[in-house]
Amino acid sequence: MSSPALYLRILCAFVFALFAQAAMALNINGVEYVGVNEFARMAGMKYKTVVRGKKMAVFSKWQSIAFEVNSRASKINGVYVNLGHPVAVKNGLLYVSKRDVYKNIYPVVFPAILKNARKPTHIVIDAGHGGKDDGAKNSKYNIKEKSINLDVALKLGAILRKMGYKVSYTRTKDAYVNLEMRPIIANRRNADLFISIHSNSTGTKSVSGIETYALTPVWLPSSSSSRLRAGDGVKYPGNNTDNWSQYLSYSIQKSLLEKTGADDRGARRARFAVLRTTNMTACLVEIGFLSNNAECLKLATPSYRLKIANAIANGIVRYESAVKNAASRSRR
């Protein structure tokens, strides 16, 4: 392609062509797959086999996607993006599920052709836990998640206000707010973005890193689930912003990795209570593991929390730029 503009014009019919395409299709337990080579062709990109039957790459002048057989962790422009279904193989060729292409890959790689772009003017920041709910806790250092989350949320809000955004919070002090009320607060305020800040914990103390979540689309498993379940067919209000929430999640994850150097645990999917009923683009950020002593000590440092807040703000700015590009394109 000679230019990004020409490249985008070719992509206009991409989604329709993908789902209409019968060649190279594969059905595994009721899940429809498309060959990675066919996906590349329809997207106007090139592909190459890295290791036959194991790894393939799709790329252009501007984008790169890496796939590995039996893995749900694709890598888009150097950032892990969790898929709903594992990559499959047949006759040495890798296949990716069509729903993953449409819901998890397409919004990240081609945000300029997403519809219903909504400029992020008013942002609601949700500091996870609070009051009687401490959240995760590192007993060795007596660090509580609720305090870390609140400080990052307030720092993020101050940064965004200086950038010209309208900002409000679900809490500004050590107070308990019911989970279901948090998205209701954002809806009542007619916010354009909802960002929920959390700190992670696990029984394996060596685990560290950052992960960012968007609501799981209908008929895809969440990142914590290995297969489709009956409840995966339920559509929530938050699913109306699936594509933009996925791009926001990816943008924030990418920015956090660039600014902190933390381990990449990927842009992921979950049906968290705070994401299910939002009327606007929304994501939940897990900024690190309190159960990992080294990462906990970082999170306990004000300068590192400020770095995280700045990174999230930069991800939001990147998201806004994509929204503007999409809105401009739709007016042509």
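In which sense do strand S2 and S9 pair, and over how many bridges? They pair in the antiparallel sense, over 3 bridges. The model is predicted.

**Overall build**

The protein has 10 helices and 17 strands. A compact globule of 332 residues would have a radius of gyration near 20 Å; the protein has 20 Å, so the value agrees. Its C-alpha trace spans about 55 × 45 × 35 Å along the principal axes. Buried residues account for 56% of the 332 residues. Of the contacts between residues at least 6 apart in sequence, 72% join residues at least 24 apart.

The accessible surface comes to about 14400 Å², and carbon and sulfur atoms hold 50% of that. The protein carries 50 positive and 21 negative charges. Their mean positions lie 5 Å apart.

**Strand S9 and its partners**

S9 covers residues 93-97, and 5 of its 5 residues are buried. Side chains in a regular strand alternate between the two faces of the sheet. In S9, Leu 93, Tyr 95 and Ser 97 point one way. Leu 94 and Val 96 point the other way. All of them are buried.

Two strands that pair with S9 are set out below.

| Strand | Sense with S9 | Bridges | Source |
|---|---|---|---|
| S2 (residues 31-35) | antiparallel | 3 bridges | pairs with S9 |
| S8 (residues 88-90) | antiparallel | 3 bridges | joined to S9 |

On the S2 side, Tyr 33 has Ser 97 of S9 as its bridge partner. On the S8 side, Val 89 stands opposite Leu 94. S8 and S9 form a hairpin with 2 residues between them. Asn 91 sits in that turn, with a positive phi of about 55°.

Methods
Residues numbered from 1 in each chain as written. Predicted model: local features only at pLDDT ≥ 70, side-chain atom pairs only at ≥ 80, totals over all residues. Heavy atoms only, no water. Helix = DSSP H or I, 4+ residues; strand = E, 2+ residues; numbered from the N terminus. Rg over C-alpha atoms; globule rule 2.2 N^0.38 Å. Buried < 20%, exposed > 50% of the residue type's maximum accessible area, 1.4 Å probe, protein only. Contact = heavy atoms within 4.5 Å. Areas by Shrake-Rupley, 256 points an atom, 1.4 Å probe, with all protein chains shown as cover. Lys, Arg positive; Asp, Glu negative; His and termini not counted. Charge placed at Lys NZ, Arg CZ, Asp CG, Glu CD. Pairing = 2+ DSSP bridges.
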